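Notebook open, coffee poured. Today I want to look at where a ligand sits and at one of the pockets.

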Amino acid sequence: MSAGVEIDTKQNQIISFNPANGAEVGRVPVSSKTAVTSAVCRSRDAFQMWKSTSFAERRRLIMKARDGILSQMDEIAHLISAESGKPFAEAISMEIAPVLDLMQYFAKHTEKLLRSTKIDIGLYALLGRTSKIVYHPLGVVAIIPAWNYPFSIPLGEASMALMAGNTVIIKPSELTPMVGQKIGEIFEKAGLPENTVQVVTGEGRTGAALVEAAPDKIMFTGSVATGKKIAEAAAKNFTSVVLELGGKDPMIVFDDANLELASSAAVWGAFCNSGQSCSSVERLYVQESVADKLTKLIVEKTCGLKQGSGDNEDVSIGAMSSERQLKIVEDHVEDFRKSGAKIETGGKQNADWSADTPVRTDATASATTSAASGEADESVRSPLFFQPTVISGATNDMRAMKEETFGPTLPIATFKTEEEAIKLANDSEFGLTASVWTRDIAKGNRVAEKIEAGSVCVNEVLYTHGIGQTPWGGFKNSGRGRTHGLAGLMELVQPQHIHVNRLAILPNAWWMPYSATAVETFRGFAKYFASGSIRRTAMMLPLLQKRVRELVRYNRSER
Ligand code: TXE
């Protein structure tokens with residue numbers, strides 16, 4: 001078995017493999033620290049030009065890139081599937097379609113969303129002042145994504161950053177570098193000016209070099225541990241970071257829910273992308289009275305799914321993306337077993353499907369090392385399939401109910417009351433998404449507002465990352481900041497406040513020199529003006545006039 005990432009040390013290349021069959025997908029260079037620093041410099045130069053392009057021009061280019069994706073949709077979907085192991089169907093439904101929607105939305109609406117806005121400044125307006133906010137791009141936006149949505153996440157973030165007037169550098173995950181390069185190629189073919197979008201490839205070290213090179217923003221998707229390292233390194237340059245980290249997302253099913261729908265949603269929510277979504281259903285809490293019925297439906301539906309190589313159109317569950325990920329899943333399933341939960345179906349690596357699949361013997365073994373171990377990898381690469389696994393009798397004190405699994409497991413626990421469901425759902429260090437299933441929409445809303453998560457769906461599951469108009473991000477250890485939506489766009493700009501005094505004929509009462517009248521006036525500001533009430537402020541007008549006359553007299557006498 002391979003460790004998942006292989007570097008050809010002689011050629012200084014990453015070798016990318018298909019996790020379903022071990023076939024080589026392609027090779028990319030490992031970008032050195034110097035190469036990354038130069039890329040950031042070029043990006044900064046390109047920014048000087050790109051920031052002054054019109055929204056119409058940016059829109060034209062993003063829409064052209066979008067057309068390019070549409071014209072080679074199947075080819076791109078096969079590449080995504082080959083590098084990540086996900087089914088071809090999901091490469092289209094969960095990566096290409098949503099990002100195309102996001103691209104058209106931000107291409108058409110960024111100008112309006114970033115239009116300068118007037119601010120209501122209350123009583124200051126009576127003094128002839130106006131305030132507005134103008135949004136400026138930041139500069140160089142570094143995007144460091146993970147491997148689970150290697151196309152839609154970096155491409156979506158890049159499109160938003162570009163529309164806002166920034167230049168972009170993407171450092172794709174070492175597990176999916178070819179998809180990352182494809183994104184660069186799409187923008188290049190669309191005719192974006194040179195260095196407006198660059199892709200640097202490599203593993204963590206390349207990512208670290210990018211952080212160190214002081215971009216103006218870092219958009220990171222990945223683990224909590226790496227997120228902390230990046231935040232720490234970024235702090236040295238005061239680079240602000242958006243962190244999209246993990247999840248342990250709960251699904252709450254009440255006894256009045258449509259169980260037929262809820263069971264299908266649970267199966268999709270837990271097993272799509274082999275459970276390797278930050279918003280996967282990782283804990284299902286069902287009301288006791290319907291637990292058996294829901295579990296039975298889920299097991300039946302799970303048993304009907306076809307697992308196999310992602311390039312087959314009728315495959316619902318593909319391979320895991322890496323051996324490391326598969327090991328975590330095995331460990332968590334074992335933890336459930338040992339802790340007394342019941343494996344209803346699945347529970348192990350799926351060897352059956354692969355009986356007649358050629359397993360690659362590592363022909364380049366002598367020239368390759370495992371990036372994780374640094375040792376020569378002379379092993380044989382096996383397909384990385386784990387059976388979709390349904391587990392009943394789970395409880396929150398089990399380790400596997402606390403740590404992110406990121407695999408095709410669906411542990412089911414029960415609850416009695418609404419309060420208990422909320423308490424169980426919130427009993428986690430994470431808080432990315434959650435879902436509540438009930439026919440009582442008022443109850444759904446009530447419970448949703450009490451769940452500590454960045455997005456909560458009522459009678460829906462997982463898919464809201466696909467709605468580009470809505471903000472995406474987590475509470476607690478699931479992250480900081482937002483991607484997508486207006487909140488996500490605001491992460492990619494710096495607001496500038498422009499304040500104008502249209503009645504600049506008299507000195508301000510708070511200017512120097514101070515005096516007894518000045519102090520009395522300031523007391524008036526605190527008591528009356530700061531109340532926000534015009535009526536109360538009117539009470540200090542005589543004092544204000546006295547103070548301004550004092551300043552005018554002083555200024556004249558000075559002259
Ligand atoms: O993530 P990493 P991995 C979770 C999931 C998974 C775990 C680890 O639980 O098991 O994270 O996944 C780059 N400076 N999620 O190992 O290590 C790295 O090259 C700068 C949740 O893939 O966080 C890659 O491009 N960059 C998550 C990216 O960071 C560094 C999605 C992510 O790698 C770096 C994926 C460094 N020091 C995994 N070290 C989600 N939110 O959806 C690594 N990188």
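Helices here are DSSP runs of H or I with at least four residues, numbered from the N terminus. A reminder to myself: this is a predicted model.

**Entry 1, the pocket.** I looked up the second largest pocket and found about 500 Å³ of space in it. Its lining counts 22 residues, and those closest to the centre are L126, L127, R129, L544 and V548. Next I asked which helices each supply at least two residues of this lining: they are α16 (534–538) and α17 (541–558). Of these, α17 gives the most, with 4 residues. I then sorted the lining of the second largest pocket by class and got 17 nonpolar, 4 polar and 1 charged residues.

**Entry 2, the ligand shell.** Which residues are closest to the ligand? I noted W147, E174, L245, R324 and E404, out of 28 that surround the ligand. By class, this shell has 12 nonpolar, 10 polar and 6 charged residues. Four elements each supply at least two residues of the shell: α7 (204–212), β9 (217–221), α8 (224–235) and α11 (323–338).

**Entry 3, polar contacts.** I went through some oxygen contacts of the ligand. At P145, a polar backbone atom is 2.9 Å from a ligand oxygen. For K171, an N or O atom in the side chain lies 2.7 Å from an oxygen atom of the ligand. E174, one of the closest shell residues, has a side-chain N or O atom 2.6 Å from a ligand oxygen. Finally, I checked burial: the ligand taken alone exposes 820 Å², and the protein buries 89% of that.

Definitions and conventions:
Residues are numbered from 1 along each chain as its sequence is written. This is a predicted model: local features need pLDDT of at least 70, side-chain atom pairs count only at pLDDT 80 or more; totals for chains, interfaces and linings use all residues. Side-chain values use heavy atoms; hydrogens and water are left out. On a 1 Å grid over the protein atoms alone, a cavity is a set of points where a 1.4 Å probe fits but cannot get out, and a pocket is an open set with protein on both sides within 12 Å along at least five of seven lines; lining residues have an atom within 4 Å of a point. Grid points are joined across faces, edges and corners, and a volume is the space filled by probe spheres set on the points. Ala, Val, Leu, Ile, Met, Phe, Trp, Tyr, Cys and Pro count as nonpolar, Asp, Glu, Lys and Arg as charged, and the others, Gly among them, as polar. A residue is near a molecule or strand if one of its heavy atoms lies within 4 Å of it. A polar contact is a pair of N or O atoms within 3.5 Å; within protein, one must be able to donate a hydrogen and the other to accept it, and residues adjacent in sequence count only if both atoms are side-chain atoms. Accessible areas come from the Shrake-Rupley method with a 1.4 Å probe; for residues, only the protein chains shown count as cover.
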